[in-house]
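User: Please take a close look at a single part of this predicted model, the largest pocket, and set it in the context of the strands and charged side chains around it.

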Amino acid sequence: MLSMKRPLNSVNCQMELVGVLTREIPTRLVEVSRSGCLLECGHRIEEGTVGALRLEVDGQTYREDVRATRCVTVAGSGSSYLVGVEFLQTARPDGSSIRRAIASMSVSLNERFLGSAGLS
């Protein structure tokens, strides 16, 4: 058996490395709906910015991936901004989903309203 050694050809390989920068920005929830919410915060957030919104309510934490759709300065506040965000459907809503919590609250409120109005 004859063995021949061959030089290995060098392979040029280019890789794109992607990193993610994160930071926590304290916000105040102003309004919420099934499709998104309005937040108030002390930092300007560029439209198109994607992030994770975490809400804590009565010891329960809810989370949703969001994208900023608008950011406007609150008149006369100096450094306060209203940020509109839309919920992204990156994962199926589970028990910690803000979308699912809002949907169940809406059903509950509708049932209470219809019940108190005497409608069936």
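Analyst: A residue is called buried when its relative accessible area is under 20%, exposed when that area is over 50%, and partly exposed in between. By this measure, 22% of the 120 residues of the protein count as buried. The model is a predicted one, and every value below is computed from it. The protein holds one helix and five strands, and from the N terminus on its elements follow the order β-β-β-β-β-α.

The pocket itself comes first. The largest pocket encloses about 770 Å³ of space. Its lining is made up of 26 residues, and those closest to the centre are Arg23, Glu24, Ile25, Gly51 and Ala52. Four elements each give two or more residues to this lining, namely β1 (27-32), β3 (50-57), β4 (60-73) and β5 (81-87). Of these, β3 supplies the largest share, with six residues. Sorted by class, the lining has 15 nonpolar residues, seven charged ones and four polar ones.

The elements that line the pocket belong to a sheet, and its layout helps to place them. The five strands make an open sheet in which the order is β1-β2-β5-β4-β3 and the pairing is antiparallel. Because β1 and β3 stand at the edges and have a single partner strand each, one side of each of them is left without a neighbour in the sheet. From one strand to the next, the twist averages 40°. Both edge strands, β1 and β3, are also among the elements that give two or more residues to the pocket lining.

At one edge, β3 pairs with β4 in the antiparallel sense, and eight bridges hold this pairing. Within it, leucine 53 lies opposite glutamate 64 of β4. At the other edge, β1 pairs with β2 (residues 36-41), again in the antiparallel sense, over five bridges. The connection between these two strands is a hairpin that passes through three residues. Two of the facing positions can be named: threonine 27 has cysteine 41 in β2 as its bridge partner, while glutamate 31 has leucine 38 in β2. Leucine 38 also stands opposite glycine 84 in β5, and the antiparallel pairing of β2 with β5 extends over six bridges. Five of the six residues of β2 are buried, so that this strand is mostly covered.

The charged side chains bring the account back to the pocket. Seven salt bridges are found in the structure as a whole. One of them joins arginine 54 to glutamate 24, with 3.8 Å between the closest N and O atoms. This pair links distant parts of the chain, since arginine 54 lies in strand β3 and glutamate 24 in the segment before β1, 30 residues apart. Glu24 is one of the residues closest to the pocket centre, and β3, which carries arginine 54, is the strand that gives the lining its largest share. The pair does not stand alone, for Glu24, Arg54 and Glu56 are linked in a network of salt bridges.

How open are the two partners, buried or exposed? Arginine 54 has a relative accessible area of 46%, and because this value falls between the limits of 20% and 50% the residue is partly exposed. Glutamate 24, with a relative accessible area of 68%, is over the 50% limit and is therefore exposed.

Two further salt bridges can be described in the same terms. Glutamate 46 and arginine 44 meet through their side chains at 3.8 Å, N to O, and arginine 44 is partly exposed, at a relative accessible area of 42%. Aspartate 65 and arginine 63 meet likewise in a salt bridge, at 3.2 Å from N to O, and arginine 63 is partly exposed as well, with a relative accessible area of 43%.

Taken together, the picture is of a pocket of about 770 Å³, with six lining residues from the edge strand β3, and with Glu24, one of the residues closest to its centre, in a salt-bridge network with Arg54 and Glu56.

Technical notes
Residues are numbered from 1 along each chain as its sequence is written. This is a predicted model: local features need pLDDT of at least 70, side-chain atom pairs count only at pLDDT 80 or more; totals for chains, interfaces and linings use all residues. Side-chain values use heavy atoms; hydrogens and water are left out. On a 1 Å grid over the protein atoms alone, a cavity is a set of points where a 1.4 Å probe fits but cannot get out, and a pocket is an open set with protein on both sides within 12 Å along at least five of seven lines; lining residues have an atom within 4 Å of a point. Grid points are joined across faces, edges and corners, and a volume is the space filled by probe spheres set on the points. Ala, Val, Leu, Ile, Met, Phe, Trp, Tyr, Cys and Pro count as nonpolar, Asp, Glu, Lys and Arg as charged, and the others, Gly among them, as polar. Two strands pair if DSSP finds at least two bridges between them. Axes are lines fitted to C-alpha atoms, for helices over the stretch in contact, and angles run from 0 to 180 degrees between N-to-C directions. A salt bridge is a side-chain nitrogen of Lys or Arg within 4 Å of a carboxyl oxygen of Asp or Glu. Buried means under 20% relative accessible area, exposed over 50%, partly exposed in between (1.4 Å probe, protein chains only).
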